[in-house]
Amino acid sequence: MQLDEFYMARALGLARRGRFTTAPNPNVGCVIVREGNIIGEGFHLRAGEPHAEVHALRMAGAAARGATAYVTLEPCSHHGRTPPCADALVAAGVARVVVAMQDPNPQVAGRGMYLLRQAGVSVEHGLMMNEAEALNPGFLKRMRTGFPYVQLKLAASLDGRTAMASGESQWITSPQARRDVQAFRARAGAILTSAATVLADDPALTVRWESLPESIREAYAQASLRQPVRVVVDSQNRVTPAHRLVAQPGQTWLARLRPDDRPWPRDVEQLTLPSGQGDTARVDIVALMLMLARRQVNTLWVEAGASLAGALLNAGVVDELILYLAPKLLGSAARGLCDLPGLDTLARAPEFDLADLRQVGPDIRLRLKPRYP
Ligand code: AOF
Ligand code: ZN
């Protein structure tokens, strides 16, 4: 029914308002309707705080009896940091629940809808499922596969170069592109880089709220925003407590083969990882991805050089390549975008499908999905 779509679209719009804050929880929105009137609505803002349904039920109060609830994700059935939303909907006397998609969290996975039906609530699901999927690529991938959703960001000149032969590289892309990057960082659970990048550029790898788009800054008070975890692949223990990212707000995780015994600040953790097969000097990329997902990283935003970019692509863990192209030429002596050692035939060249193409300031932004055989 068209009216159902109207209310679900509204719930999806509400859910989106949590996109910078809910990690590691999903974005969820809820609208409660009775006799054609919206009597309650809400969205999930932060993990540990009430779920979307609870906000909407509170607004609806006693009027929820006999009403229809539209929810972008199956209501939960478990006691997590908050009690089950399925129980709350039943207790409020909601008569009908329309769900966009099932929650793949093994603690829920259909049980929320089962509980509602058991209690005599009429339940439908699948309305605007594709839109609901698109809301939470990271959460859904982690729940389904145990891997994070990996976005690899690269920036280059028109001829695919990232730095002059000397290494000179600052500001190839525009301030507008860098602001766009800030918005991606702000949505991510963690930002991944390599020790090589830390040694070369000493980046802070933080979200700087003043550089986020106006619409985002208006929607959130600075205090309510979190910093994504900074993760550094540091197989040779080259990062030191003096590097800039160590002192930034939020956590830093060093992915290493063995920990050192330096006096690290409390927010820094050394993760011990196995080495790659056939490469005993480097941490295993797949093991790192699994560990990050176990630590509840839904979306991993990667800002790294040609070497880590190549390793991630080779390991087959990249979900999306986000490529900024600045309209300039650096010449063929300049450094390339991505190291793909051993690639010697065109037949084995990684290929991508173009998912989105747009102009960001003077630059071009491509979103590409790797085509895995
Ligand atoms: C809902 N509505 O708004 C959200 C849901 O630790 P908790 O209690 O916050 O539970 C988190 C889990 O609940 C999360 O992994 C996901 O399965 C579900 N999220 N469910 O009914 C919501 N955010
Ligand atoms: Zn819930």
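## Sheet, helices and nonpolar cores

Beyond its neighbours within four places in sequence, Ile32 is in contact (heavy atoms within 4.5 Å) with Asn37, Ile38, Ile39, Gly40, Ala56, Leu57, Ala60, Ala67, Thr68 and Ala69. This is a predicted model, in which local features need pLDDT of at least 70 and side-chain atom pairs count only at pLDDT 80 or more, while totals for chains, interfaces and linings use all residues. Residues are numbered from 1 along each chain as its sequence is written, and side-chain values use heavy atoms, with hydrogens and water left out.

An open sheet of mixed pairing is formed by 5 strands in the order β2-β1-β3-β4-β5, where strands are DSSP runs (E, at least two residues), as helices are (H or I, at least four), and where two strands pair if DSSP finds at least two bridges between them. Because β2 (37-43) and β5 (122-125) each have a single partner strand, one side of each is left without a neighbour in the sheet. Strand β4 (residues 96-99) pairs with β5 in the parallel sense over 4 bridges, and Val98 stands opposite Glu124 in β5.

Two helices are set against these strands, with angles (0 to 180 degrees) taken between the N-to-C directions of axes fitted to C-alpha atoms, for helices over the stretch in contact.

| Helix | Strands | Angle |
|---|---|---|
| α2 (residues 52-60) | lies across β1 (29-34), β2 and β3 (68-71) | about 145° to β2 |
| α4 (residues 111-118) | touches β4 and β5 | about 150° with β5 |

The largest nonpolar core (buried Ala, Val, Leu, Ile, Met, Phe, Trp, Tyr and Cys residues joined through side-chain atoms within 4.5 Å, buried being under 20% relative accessible area with a 1.4 Å probe, protein chains only) has 41 residues, and Met8, Ile32, Val94 and Val97 have the most contacts inside it. Helix α1 (residues 2-16) gives the most to this core, with 6 residues.

Key
Chains are lettered from A and ligands numbered from 1 in the order in which they are written. Buried means under 20% relative accessible area, exposed over 50%, partly exposed in between (1.4 Å probe, protein chains only).
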